[in-house]
Amino acid sequence: MAKKIKQPLTRAEKRRKRRKTLIIIEVIILIVVVLFLLAWLKFGLISCENLGNITKNELSTDTIDLLKGYKCIAFFGVDNRSNGNYESGNSDSIMVACINNDTKEVRVISLYRDTVLSMKDGTLRKCNYAYNHGGYQEAIEMLNKNLDLDIQAYVAVDFNALSDVVDDIGGVEIDLTEEEAKLMNNDYIGEVAKITGKHSDGVAAGHQTLNGVEATAYCRLRYTSGGDFKRAERQRTVLSQIVNKAKNMSTTQMLKLATDEDILKEVSTSLTPTEIAALASAMKDYSLGATTGFPFDKTTGTYGSKGSLVVPCTLETNVSKLYFFLFNKENYQPSETVHKISQEIIDLTGKTEKSAEVDGY
């Protein structure tokens, strides 16, 4: 039998073979844990921050027992224009991923950045203020306080991380509207390219493969119909695209990913090696379940010096729905802390359950 001649690799195949990166972005849940483990063991280059005592609300015994069955991690996409700086900055992407310890299903919410919530000092502000004012610790405590959660870990990334990841998985398939393409070309792509040092020839309306710069620009689009609600939806779309590709990677491909020192330095997290190892051990069992934006029932308005806000209608009822979405808990009764904040938001805005906008935008 004639020996089969191995065809030489094309230029694109060679380039793809040489690429090595760490998959970690503001929207990756399934792949991040195993890559953290590999990166930690090989290089120790990920910025690991020790969290202090993270506060949470007084919760019922039943609720505490329920939360013990989940690992909840906060993900922050920091828009500080200074790559690698995670001490402060606007957290324009805020996500919470809750992993069911038994089923390995991951459910994700993205918190709208302009949502009015209570800060550490008790003032009502846009929720992305917390990270800018007090970094990841204050941002986590803000989430715990307003949502009755027990988040004890975080991951923060910047523009470079998202752009690099998308490039190294071969891009993401996205359908662009005329409005989205125009804004990306005129405003966002150039800015992202300048920050990341990458290139794009621009995009057009229709179905196409977006590279790292373009996908990052797409995730940042805000001034279209749907505003920030639509932006959060775009981020979840990119999340799903990346997860689907990453789930099909072989073990060998996974092992090749955690060798890019530049990207490793773009990540900040509080996850310890032990926590990462525990999550990574079940990597192939994870599945991305439902994703959604928060709050569910909402309206918008401008309120003096506080600016344009997304108003939960009401926070209390939204937290009850959140518990059903994340934990399958029916008829959850929020804590006294959430009840108090909910009433304060009503007093500020005058908005109740009946004020929620039907179309969600």
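# Notebook: Arg234, helix α4 and the aromatic pairs

I began with Arg234, which is found in helix α8, residues 227-247. The model is predicted, so I read every value below as computed from it.

**Arg234.** I looked up its exposure. Arg234 is buried, at a relative accessible area of 2%. The cut-off for buried is under 20%, so Arg234 qualifies. Next I listed its contacts, leaving aside neighbours within four places in sequence. They are Glu180, Tyr218, Leu221 and Thr224. I then checked Tyr218 on its own. Arg234 lies over the face of that ring, at 5.9 Å from the ring centre of Tyr218. I also took the spacing to another arginine. Arg220 is 14 residues from Arg234 in sequence, and the C-alpha atoms are 8.5 Å apart.

**A second arginine over a ring.** I looked at Arg125 as well. Arg125 lies over the face of Tyr129, with 4.1 Å to the ring centre.

**Helix α4.** Tyr129 led me to α4, residues 129-147. I compared its span with that of a straight helix. At 1.5 Å a residue, 19 residues would span 27 Å if straight, but α4 spans only 16 Å between its end C-alpha atoms. Where is the kink in α4 centred? I found it centred on Gly135, with an angle of about 140°. I then checked cover along α4. Of its 19 residues, 14 are buried, so the helix is mostly covered. I noted one backbone angle too. Asp148, just after α4, takes a positive phi of about 55°.

**Aromatic pairs.** I counted 8 aromatic pairs in the structure. One of them is Tyr323 with Phe327, an edge-to-face pair at 5.0 Å centre to centre and 65° between the planes. Why are these two about one helical turn apart? Tyr323 and Phe327 are 4 residues apart in helix α12, residues 315-327, and so are separated by about one turn. An α-helix has 3.6 residues a turn, so residues three or four places apart point the same way. I checked exposure for both. Tyr323 and Phe327 are each buried. I then followed the rings outward. Tyr70, Tyr323, Phe327 and Tyr332 form one aromatic cluster.

**Whole chain.** I closed with totals. The protein chain has 13 helices and 13 strands. It runs to 361 residues, of which 53% count as buried. I looked at contacts between residues at least 6 apart in sequence, and 75% of these join residues at least 24 apart. The chain exposes about 16200 Å², with 47% of that supplied by carbon and sulfur atoms.

Notes:
Residues numbered from 1 in each chain as written. Predicted model: local features only at pLDDT ≥ 70, side-chain atom pairs only at ≥ 80, totals over all residues. Heavy atoms only, no water. Phe/Tyr/Trp six-rings, centres within 6.5 Å; stacked < 30°, edge-to-face > 60°. Buried < 20%, exposed > 50% of the residue type's maximum accessible area, 1.4 Å probe, protein only. Lys NZ or Arg CZ within 6 Å of the ring centre and 35° of its normal. Expected span 1.5 Å × (residues − 1). Bend = angle between axes of the 7 residues up to and from the residue. Contact = heavy atoms within 4.5 Å. Areas by Shrake-Rupley, 256 points an atom, 1.4 Å probe, with all protein chains shown as cover.
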